[in-house]
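Work through the exercises below with the sequence and the 3D structure side by side, and try each task before reading its solution.

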Amino acid sequence: MCCVVPSLAKVYTVGDSSGWGLGVDYTSWASGTTLNVGDSLAFNYPSGHTVDEVSSSDYASCTTGNSITSDSSGATTIPLKTAGTHYFICSVMGHCGGGMKLAVTVAAAGGSGGGSTTPSPDTTTPTSGTTTPTTAHPSASVILSPFIPLLISGVVAIFSYFVTI
């Protein structure tokens, strides 16, 4: 008999109940968060903010002209597909310099990672790119592998067989 192990991925709400906005300590939030490839970051925010994924140098200088992705839908979920450090900022003038920036370290699946943020100069450049908005999820929710229902059905079938004998 074969055993199927579920694939667990977590969706972390950036800033927890405070969401993505000014006045949130993203350094503290990230330092208590372990991220792995397959997890996702959910950014929840009101109008007047953006989520831009940027390079390390653009993160350090709060520059958005070369954003990898940008979204302003109010509910942005970013799947973490690669290990390494990922950088996010708000491209609204002054917001990145005011603390709306997040750097997270993503470990290979099954490893341990951690996040951190780094202060930078108070400069920013507007951006015009957008990405397709996605639906946000509660902090640290678990997504189970599609094999779980199959596994449960098999266990129920085996149990039913032995009960009827």
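**Exercise 1. The nonpolar cores**

Task: In this predicted model, find which residues have the most contacts inside the largest nonpolar core, and which elements supply that core.

Solution. Begin with the core itself, which has 20 residues, and in which V14, W20, L41, F43, F88, L102 and V104 are those with the most contacts. Next, turn to the elements: helix 1, strand 3 and strand 8, the last spanning 101–107, each supply at least two residues of this core. Finally, look apart from it, where another core of seven residues lies, with Y59, Y87, I89 and A103 among them. As background, nonpolar side chains in soluble globular proteins tend to be buried together.

**Exercise 2. The surroundings of strand 3**

Task: Establish how many residues of strand 3 are buried, and in which sense strand 3 pairs with strand 1 and with strand 6.

Solution. Strand 3 covers residues 40–44, and four of its five residues are buried, so that the strand is mostly covered. On one pairing, strand 1 (residues 9–13) runs parallel to strand 3 and is joined to it by three bridges; here T13 of strand 1 has A42 as its bridge partner. On the other pairing, strand 6 (residues 75–79) meets strand 3 in the antiparallel sense over five bridges, and within strand 6 the residue opposite F43 is T76.

**Exercise 3. Aromatic rings**

Task: Count the aromatic pairs, and work out why the pair of F43 and F88 is classed as tilted.

Solution. The count comes to four aromatic pairs. One of them joins W20 and Y26, a tilted pair with 5.0 Å from centre to centre and 50 degrees between the planes, and W20 and Y26 are both buried. For F43 and F88, the ring centres are 5.3 Å apart and the planes stand at 55 degrees, so this pair is tilted; the class takes in planes that are neither under 30 degrees apart, which would be stacked, nor over 60, which would be edge-to-face. Because F43 belongs to strand 3 and F88 to strand 7, the pair ties together parts that are 45 residues apart in sequence. F43 and F88 are likewise both buried. Taken together, W20, Y26, F43 and F88 form one aromatic cluster. A ring in another kind of contact is that of Y59, over which the charged end of K101 sits, 4.1 Å from the ring centre.

**Exercise 4. Cysteines**

Task: Decide which cysteines form a disulfide, and what handedness that disulfide has.

Solution. A disulfide is a covalent bond between the sulfur atoms of two cysteines. The sulfur atoms of C62 and C96 are 2.0 Å apart, and these two residues form a disulfide, which is the one disulfide in the count. The torsion about their S-S bond is about -70 degrees, so the disulfide is left-handed. The bond links distant parts of the chain, since C62 is in the loop between helix 2 and strand 5 whereas C96 is in the loop between strand 7 (84–89) and strand 8, 34 residues apart. Both C62 and C96 are buried. C90, by contrast, is in no disulfide, and the nearest cysteine sulfur, that of C96, is 8.3 Å away. C90 counts as buried because its relative accessibility is 0%.

**Exercise 5. Loop residues**

Task: Determine whether D16 and C62, both with a positive phi, are buried, partly exposed or exposed, and then trace the side-chain contacts of S67.

Solution. Most residues other than glycine have a negative phi. D16 is not a glycine, yet has a positive phi of about 50 degrees, and D16 lies in the loop between strand 1 and helix 1 (26–31). With a relative accessible area of 40%, D16 is partly exposed. C62, also not a glycine, has a positive phi of about 55 degrees, but counts as buried because its relative accessibility is 0%.

S67 lies in the loop between helix 2 (56–61) and strand 5 (69–71). The side chain of S67 makes a polar contact with the side chain of D52 at 2.8 Å, and reaches the backbone oxygen of T64 at 2.8 Å. As a last step, consider V51, which is 16 residues from S67 along the chain, the two C-alpha atoms being separated by 9.7 Å.

How values were computed. Residues are numbered from 1 along each chain as its sequence is written. This is a predicted model: local features need pLDDT of at least 70, side-chain atom pairs count only at pLDDT 80 or more; totals for chains, interfaces and linings use all residues. Side-chain values use heavy atoms; hydrogens and water are left out. A polar contact is a pair of N or O atoms within 3.5 Å; within protein, one must be able to donate a hydrogen and the other to accept it, and residues adjacent in sequence count only if both atoms are side-chain atoms. Buried means under 20% relative accessible area, exposed over 50%, partly exposed in between (1.4 Å probe, protein chains only). Two strands pair if DSSP finds at least two bridges between them. A nonpolar core is a set of buried Ala, Val, Leu, Ile, Met, Phe, Trp, Tyr and Cys residues joined through side-chain atoms within 4.5 Å. A disulfide is a pair of cysteine sulfur atoms within 2.5 Å. Rings of Phe, Tyr and Trp (its six-membered ring) pair if their centres lie within 6.5 Å; planes under 30 degrees apart count as stacked, over 60 as edge-to-face and the rest as tilted. A charge sits over a ring if NZ of Lys or CZ of Arg is within 6 Å of the ring centre and within 35 degrees of the ring normal.
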